[in-house]
Amino acid sequence: MSHEFVYSGNPAHIVFGVGKSTFVGDWVEKLGCRQALVLSTPQQKADAEALAARLGPRAVGVFSGAVMHTPVEVTEKAMEVVRQTGSDCVVSLGGGSTTGLGKAIAFRTDLPQIVIPTTYAGSEVTPILGQTEGGRKTTVRHASILPEVVIYDPALTLGLPVAMSVTSGLNAMAHALEALYAQDRNPISTLMAVEGLRAFKTSLPGIIEMPQVLDIRAEALYGAWLCGTVLGTVGMALHHKICHTLGGAFDTPHADTHAIMLPHTAAYNAVAVPDLLAPVADVFGGSVGGGLWDFAKRIGAPLALKDLGLSQADLDRAAEIATENPYWNPRPIDWESIRGLLQYAWEGRRPT
Ligand code: NAD
C-alpha cells in the first residue's frame with residue numbers, strides 16, 4: 001500500500017437508524033430553519049405530504065416534480081416555489097432524482113438541505129450535481145451542493161421494489177469498486193469501499209428472499225452510505241464514464257446501466273490493478289469480473305445492454321464518445337478494447 005495520501009472528509013451530519021426520519025423536525029430546527037420545502041418525485045408525493053404534515057408549521061409546502069437527470073426547467077419551477085413560500089431549507093425525500101433537485105436549489109441559493117434517501121444511489125453524500133439543459137448533461141462540484149444532514153431510515157426503503165433494490169445496490173457497488181483504484185484513494189476510502197461491497201454482498205440476496213426484513217434493509221442502506229461516501233471523496237474512472245455516456249447519449253436507465261456494466265468494467269481494469277481489486281475477488285469469489293457477474297446473475301440483475309434497447313450501431317458510437325476525451329483510468333483505453341467490452345455487455349456474456 002502507498003504510505004502517502006491526502007484525506008478530506010465531507011462535512012455532513014449522518015443520522016442512521018429505523019424511525020430516525022420521524023425526527024426530521026428537530027434537524028430543521030438544529031439548522032436554524034423554520035420554513036422547509038419538502039421535495040419528491042410525483043411517485044412519492046403522498047409520502048412527501050405525510051412528511052410535511054409531520055413537520056407541521058415548520059413546512060411551507062411540497063414540490064413533487066423531481067425527475068431523473070435534474071432538468072433545469074424543473075429546477076426553475078421549484079425555484080419559483082422557493083421564492084413564493086420564502087423557504088429557508090429543503091427536505092429531499094427519495095432517490096437520486098429528488099436529491100438532485102435539492103442540490104440544484106442549494107447550488108443556486110445556498111439553502112441548507114436535509115436528505116432522506118429511499119434508494120441506494122448515494123447522491124446524498126456527494127458535493128456533485130449533474131443537471132441537464134437542452135438535452136446536454138453537465139456536472140458541477142461545489143461545497144454548497146453537499147447536503148448538510150442525511151437521515152438514513154431503513155423503514156423508508158421497505159417499499160423499494162426488489163428489482164430496483166438490486167440495480168440500485170449494484171449502482172452503489174460501482175462507486176466502491178472504482179474507489180479501490182482511484183488515483184486519490186486513501187486508507188479510509190479503501191476501508192469504506194470494501195465494507196460497502198461486503199454489506200451489499202450480504203444484503204442484496206437477503207432482500208430478494210425477505211424484502212420486508214428491517215435488519216437486511218438496514219445493511220443495504222449502510223452499504224449505500226459507505227459507497228456513496230467514497231463516490232463523494234475520490235475520483236471515478238472508466239465505469240462511470242461509460243455509464244454516463246450510455247445514459248447521456250441513449251437515455252438508458254441509470255441504475256440498470258450501472259448494474260449491467262459493472263462486471264465488465266471491473267474485469268477490464270482487474271488486468272491492470274489485480275492487487276487493488278483483490279478484495280473484490282475475496283468478497284465475491286472467483287475472478288473479479290466473473291465473481292461480480294455470477295453475483296449479479298444470482299440476484300436477478302439485468303445482464304445485457306441489448307435488453308435496454310441498444311443496437312450494435314449504438315455500441316460503435318458509445319465506444320467513440322467514451323474514448324473521445326482522454327481521462328484517467330488504471331488501464332489504457334482505446335476504441336477497440338472499449339467496443340469489445342461493450343459487445344460482451346450487450347450480449348450479456350460472462351466476462352472472461
Ligand atoms: P430515482 O431517484 O430516479 O428513483 C427512481 C424511481 O423510484 C422514482 O420514481 C422514485 O420516486 C422511486 N422510488 C425511490 N425510492 C423509492 C422507494 N423506497 N419506494 C418506492 N419507490 C421509490 O433513482 P436513483 O437511481 O436513486 O437516482 C438516479 C439519479 O440520481 C440519476 O439522475 C443519477 O444521475 C443521480 N445520481 C447522482 C449522484 C451524484 O453524486 N450527483 C449519485 C448517484 C446518482
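**Exercise 1.** Which residue in S5 is the bridge partner of Val90? Place strand S4 among its neighbours.

*Solution.* The model is predicted: local features need pLDDT of at least 70, side-chain atom pairs count only at pLDDT 80 or more, and totals for chains, interfaces and linings use all residues. Residues are numbered from 1 along each chain as its sequence is written, and side-chain values use heavy atoms, without hydrogens and water.

Step 1. Val90 has Gln113 in S5 as its bridge partner. Strands (E, at least two residues) and helices (H or I, at least four) are DSSP runs, numbered from the N terminus.

Step 2. S4 and S5 (residues 113-117) run parallel, joined by 5 bridges. Two strands pair if DSSP finds at least two bridges between them.

Step 3. S2 (residues 36-39) is also parallel to S4, with 4 bridges. Here Leu39 stands opposite Ser92.

**Exercise 2.** How many residues of S4 are buried?

*Solution.* Buried means under 20% relative accessible area (1.4 Å probe, protein chains only). In S4 (residues 89-94), 6 of the 6 residues are buried, so the strand is largely enclosed by the rest of the structure.

**Exercise 3.** Which helix supplies the largest share of the largest nonpolar core?

*Solution.* Step 1. A nonpolar core is a set of buried Ala, Val, Leu, Ile, Met, Phe, Trp, Tyr and Cys residues joined through side-chain atoms within 4.5 Å.

Step 2. The largest has 49 residues, and Leu277 is one of those with the most contacts inside it.

Step 3. H5 gives the largest share of this core, 10 residues.

Step 4. Apart from this core lies another, of 19 residues, including Val38 and Leu93.

Conventions
Buried < 20%, exposed > 50% of the residue type's maximum accessible area, 1.4 Å probe, protein only.
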